[in-house]
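Student: Please pick a single part of this model and go through it closely. I would like one connected account, with the cut-offs stated as the terms come up.

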Number of protein chains: 2
Amino acid sequence: MTDTKKPYHHGDLREKLLNAATHLIADGGVDNLSIRKLADKVGASRTAPYHHFKDKNALLCAIAEQGFIQQDQLIKSISVQQETLSAHALFESYVLTYIRFANENSETYDLMYGRDIWKTGTPTESLQAISKRCFKRWLDWVAVLQEQGLFDSEQPTLRIAQSSWAALHGLCRLFNDGVYINQDDVDEIAKTTIEMLVKKPLSPTNTP
Amino acid sequence: MTDTKKPYHHGDLREKLLNAATHLIADGGVDNLSIRKLADKVGASRTAPYHHFKDKNALLCAIAEQGFIQQDQLIKSISVQQETLSAHALFESYVLTYIRFANENSETYDLMYGRDIWKTGTPTESLQAISKRCFKRWLDWVAVLQEQGLFDSEQPTLRIAQSSWAALHGLCRLFNDGVYINQDDVDEIAKTTIEMLVKKPLSPTNTP
DNA sequence: TAATCAATTTTGACACTGTCAAGATTGATT
DNA sequence: AATCAATCTTGACAGTGTCAAAATTGATTA
């Protein structure tokens, strides 16, 4: 009886489901998540989850949504350093953080940007909203980076934002999907990507 | 009887299965492919496919393998123009062809590089072989492009090959997975990506 | 306090899925 | 003509998502 008393029958079933589901996919992938197994894990019957999530798809959307929130906070914690770091260093920090998040939460990342939801399934309204918000934030920052000379100012901001994010995303996918297997190389490849993305700086980086 | 007579019971069942499977995933995605539906489509019983493919996974690998062959031929047809085109133009042609292939065969592309096989499943020996061969070809070409000054010669060829391909791949994925939806933009974004990947040329592109 | 209500949960059911074991068919080989 | 091995089918089992209807129960009203 260490638990708080449940207000209704199960109480915070939705929360519990979301939690258990995230853990289930964390080890074993999305394929390891079945509604029945999930229900069993939280001690409910097979169809109990359907009163908190319309669909299995809706459940996946909710997990993805959590991922966006989590990722967003991580990124916010970077932009705090805005004052102390140069634009280039800040960008590098962003990229590495982004990749690290994708690696450490690979299954959630797969849901956030994968076809399971966006192509095969139907993204929830709220999921669409938060993902748009996140891209908008990226877009705005790219505009700033253009002004700061890190990106080409000639090209439209949208195009730069799209293609540079795609580069980042592609890297994450190759590692997440097991195409690139050497996790050790991730940092090196990431740095090469950064050099590719960024306009050649006037001062050459001197590696002794 | 225009068909060749079947040597055994069903004759070229393997071929027929592979064909039907490719069509099934082409409209409806991988989720639309079930062994039973497939068997039904070619007029065989549920378990007949298991005498030609060890697994569902093995079947998917075979489809992916076909994809690599197809993609390889497409790319070969480009390198024929090697003499008539500049390095930059050749590279652009490659990128656009790559993306077009990924778009027109999105479900096959998903199998070729997606987690269904490489992470969740187990890639066949022969699939691993052909995919390695394809990347090797890319790697070799990147080395040439480095010599031709299109890529930075300072960085290791492997790193450039990895990160540039990741950029390409990421773009394809975003379109394939329905994250980027405006198919019309694909060419524009692709060109921005190319500009990003390639070392800034000495002669500026003059857009009047 | 007793009766009613609406939110929650469960049970039953259906049509699917991948795949294994065992038997049936059949072209080729002896 | 008899045997064999490859090929194919039937039966079966444990899963899956999800709908419809029944059961439970805290809160609300009379």
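Tutor: What follows is a close look at the contact between the two chains, with some background on the single chain.

The model is predicted, and local features are given only at pLDDT of at least 70, side-chain atom pairs only at pLDDT 80 or more, while totals for chains, interfaces and linings use all residues. Residues are numbered from 1 along each chain as its sequence is written, chains are lettered from A and ligands numbered from 1 in the order in which they are written, and side-chain values use heavy atoms, with hydrogens and water left out.

First, the chain itself. Chain A has 9 helices and 0 strands, where helices (H or I, at least four residues) and strands (E, at least two) are DSSP runs numbered from the N terminus. Its C-alpha atoms fill a box of roughly 65 × 40 × 35 Å along the principal axes. Of the 208 residues of chain A, 49% count as buried; buried means under 20% relative accessible area, exposed over 50%, and partly exposed in between, with a 1.4 Å probe and protein chains only. A contact means heavy atoms within 4.5 Å, and among the contacts in chain A between residues at least 6 apart in sequence, 66% join residues at least 24 apart.

Now the two copies. A rotation of 180° with 0.0 Å of shift along its axis superposes chain A on chain B, with an RMSD of 0.0 Å. That is the relation of a two-fold axis. The same surface serves both copies, since 100% of the contact residues of chain A recur in chain B. The superposition is by least squares on the C-alpha atoms of residues with pLDDT of at least 70 in both copies.

The contact takes 39 residues from chain A and 39 residues from chain B. Between them the chains bury about 3,500 Å², 55% of it on carbon and sulfur atoms. Arg115(A), Arg159(A) and Met196(A) supply 20% of the area that chain A buries against chain B, more than any other three residues. Buried area here is the accessible area (1.4 Å probe) that two parts lose on being put together, summed over both.

There are 16 residue pairs in polar contact between chain A and chain B, both residues at pLDDT 80 or more. Helix 5 (106-113), helix 6 (115-120), helix 8 (157-176) and helix 9 (186-197) of chain A are the elements that give two or more residues to the side touching chain B. Helix 8 of chain A gives the most, with 15 residues. By type, that side of chain A divides into 15 nonpolar, 13 polar and 11 charged residues. A polar contact is a pair of N or O atoms within 3.5 Å; within protein, one must be able to donate a hydrogen and the other to accept it, and residues adjacent in sequence count only if both atoms are side-chain atoms. Ala, Val, Leu, Ile, Met, Phe, Trp, Tyr, Cys and Pro count as nonpolar, Asp, Glu, Lys and Arg as charged, and the others, Gly among them, as polar.

Salt bridges come next. The term covers a side-chain nitrogen of Lys or Arg within 4 Å of a carboxyl oxygen of Asp or Glu. There are 12 salt bridges between chain A and chain B, and 22 over all chains. In one of those between the chains, the side chains of Arg115(A) and Asp177(B) meet at 3.5 Å, N to O. Arg115(A) lies in helix 6 of chain A and Asp177(B) in the loop between helix 8 and helix 9 of chain B, so the pair joins two chains. Both partners are buried: Arg115(A) has a relative accessible area of 10%, and Asp177(B) has a relative accessibility of 1%.

Asp177(B) also pairs within its own chain, through a salt bridge with Arg173(B) at 3.3 Å, N to O; Arg173(B) is buried at 3% relative accessibility. Leaving aside neighbours within four places in sequence, Asp177(B) is in contact with Tyr113(A), Gly114(A), Arg115(A), Trp118(A), Lys119(A) and Arg173(A). In the reverse direction, Asp177(A) forms a salt bridge with Arg115(B), the closest N and O atoms being 3.5 Å apart. These pairs can be placed in a wider set: Glu107, Asp110, Arg115, Arg173 and Asp177 of chain A and of chain B are linked in a network of salt bridges.
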